[in-house]
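The following exercises invite the reader to work through a protein model, one element at a time. Each task is followed by a solution in steps.

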Amino acid sequence: MKDWVTSMTVVLADGTIVKTRNRPRKSSAGYDLTSLLVGSEGTLGLVTEAVLKITSVPENQHVGLAAFPTTRAAVDTAVVLITGGLPIDALELLDAYSLGAINSSGLSGRHWKEKPTLFLRFSGSKQAVEDQVCMARQAASINKCETFETSGHIDEINAIWGARKEVARCLAAMKKDPSDLFLSADAAVPISFLADMIDWSLKIIREAGFIGYTVGHVGDGNFHASVVCPRNEEDKALRIIEEIQRKAIRLDGTITGEHGIGLKWRDMLVEELGDSAVDMMRRIKLALDPQCLLNPDKVFRIEPKH
């Protein structure tokens, strides 16, 4: 989202009104206050106005589906497409268990092959889409793709991309009891480590005796490892989630690619960035909100934990 915010008008804790920048497409005027405030999770000011970038509706939309024998083969295909500069609209990865959950839920209008699968979305002129599909097909073939299909028909687009959008609901439907919990990690790693990270995450989830799934925004190395567990085993499942996040840190990744820190992961933020970086954030917070009126103790503790 942050890349779509051009500027904001914000009210600080003392009532000061700040406009972060004007509306040119690019600006190097002063500190990047827009990014600072977008990433602050409401701890630095109240947004009263936001100027957002808009884009045209993509033309000639097509979707693709590529199933692979292994996670490594799927991710290697994604790496080829990304490093090759393919102007693809979206590139998502669902593991075999996730597709099994979609099949079991009955929420999709078709049966899916339960293999690690890339979901792709293309758009542009007729020639541009043909070129994109050709490059994707070649990359998939090199990595032993088992099935590859594309379509520009609206019904197929809705069916294929609808399955990707509904996967969270399908995974939640795998609860054995209504009181079961659905917990998820939001780690991101350099894409060269993504395949190993996903396989390792699924391994430790299964070894712990839980039902687990991974869904990846494979284009940027972000993936969600999800655990379904009985409520009385929440602590055990949370330790698994923490293990996944710490593994991401060890691989020079992050504990959260998109969901943010909130209150839950504030202590692990110190593990990722170190005391000095978090203390710099704390000093910014106290300079702008010395009374800690805005979401106190969110993102980091005002008083460091010893």
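**Exercise 1. State in which sense strand 1 and strand 3 pair in this predicted model, and place the pair in its sheet.**

Step 1. Strand 1 (residues 5–11) is joined to strand 3 by six bridges, and the sense of the pairing is antiparallel.

Step 2. One position of the pairing can be named: V11 has L46 of strand 3 as its bridge partner.

Step 3. The two strands belong to an open sheet of three strands in the order 2-1-3, with antiparallel pairing. Strand 2 (17–19) and strand 3 (46–52) are the edge strands, and each pairs on one side only. From one strand to the next, the twist averages 15°.

**Exercise 2. Determine which strands stand at the edges of the sheet of seven strands.**

Step 1. The order of this open sheet is 7-4-6-5-9-10-8, and its pairing is antiparallel.

Step 2. The ends of the order are occupied by strand 7 (147–151) and strand 8 (181–184). Each has a single partner strand, so one side of each lacks a neighbour in the sheet.

Step 3. On average, neighbouring strands of the sheet are turned by 15° against each other, direction ignored.

Step 4. Helices pack against these strands. Helix 4 (residues 126–142) touches strand 4, strand 6 (117–122) and strand 7, and its direction makes about 170° with that of strand 7. Helix 7 (residues 234–250) lies across strand 8 and strand 10 (222–229), at about 165° to strand 10.

**Exercise 3. Establish why strand 4 is described as largely enclosed by the rest of the structure.**

Step 1. Consider the partners of strand 4 (residues 62–67). With strand 7 it pairs in the antiparallel sense over five bridges, and six bridges join strand 4 to strand 6, again running antiparallel.

Step 2. Individual positions show both pairings. G64 has T150 of strand 7 as its bridge partner, and L65 stands opposite E149 in strand 7. On the strand 6 side, V63 is matched with R121.

Step 3. Consider the faces next. In a regular strand, side chains alternate between the two faces of the sheet. In strand 4, H62, G64 and A66 lie on one side and V63, L65 and A67 on the other, and all are buried.

Step 4. The conclusion follows: six of the six residues of strand 4 are buried, so the strand is largely enclosed by the rest of the structure.

**Exercise 4. Decide whether R164 and E92, which form a salt bridge, are buried or exposed.**

Step 1. The closest N and O atoms of R164 and E92 are 2.8 Å apart. The pair links distant parts of the chain, since R164 is in helix 5 (residues 154–172) and E92 in strand 5 (residues 90–94), 72 residues apart.

Step 2. A residue counts as buried under 20% relative accessible area. The value for R164 is 12%, so R164 is buried; for E92 the value is 10%, so E92 is buried.

**Exercise 5. Describe how helix 6 is linked to R72, and how it is linked within itself.**

Step 1. D196 in helix 6 forms a salt bridge with R72, with closest N and O atoms 2.6 Å apart. R72 belongs to helix 2 (residues 71–83), and 124 residues separate the two.

Step 2. Both partners are partly exposed: D196 has 46% relative accessibility, and R72 has 30%.

Step 3. A195, in helix 6 (residues 194–207), touches T71, R72 and V75, not counting residues up to four places away in sequence. A195 is buried, at 1% relative accessibility. Its C-alpha is 8.1 Å from that of D76, although the two residues are 119 apart in sequence.

Step 4. Within helix 6, the side chains of E207 and K203 meet in a salt bridge (2.8 Å, N to O). The two residues are four apart, and therefore separated by about one helical turn. E207 is exposed, at 56%, whereas K203 is partly exposed, at 47%.

Step 5. Salt bridges that share partners join R72, D76 and D196 into one network. The structure holds 16 salt bridges.

Conventions: Residues are numbered from 1 along each chain as its sequence is written. This is a predicted model: local features need pLDDT of at least 70, side-chain atom pairs count only at pLDDT 80 or more; totals for chains, interfaces and linings use all residues. Side-chain values use heavy atoms; hydrogens and water are left out. Two strands pair if DSSP finds at least two bridges between them. Axes are lines fitted to C-alpha atoms, for helices over the stretch in contact, and angles run from 0 to 180 degrees between N-to-C directions. Contact means heavy atoms within 4.5 Å. Buried means under 20% relative accessible area, exposed over 50%, partly exposed in between (1.4 Å probe, protein chains only). A salt bridge is a side-chain nitrogen of Lys or Arg within 4 Å of a carboxyl oxygen of Asp or Glu.
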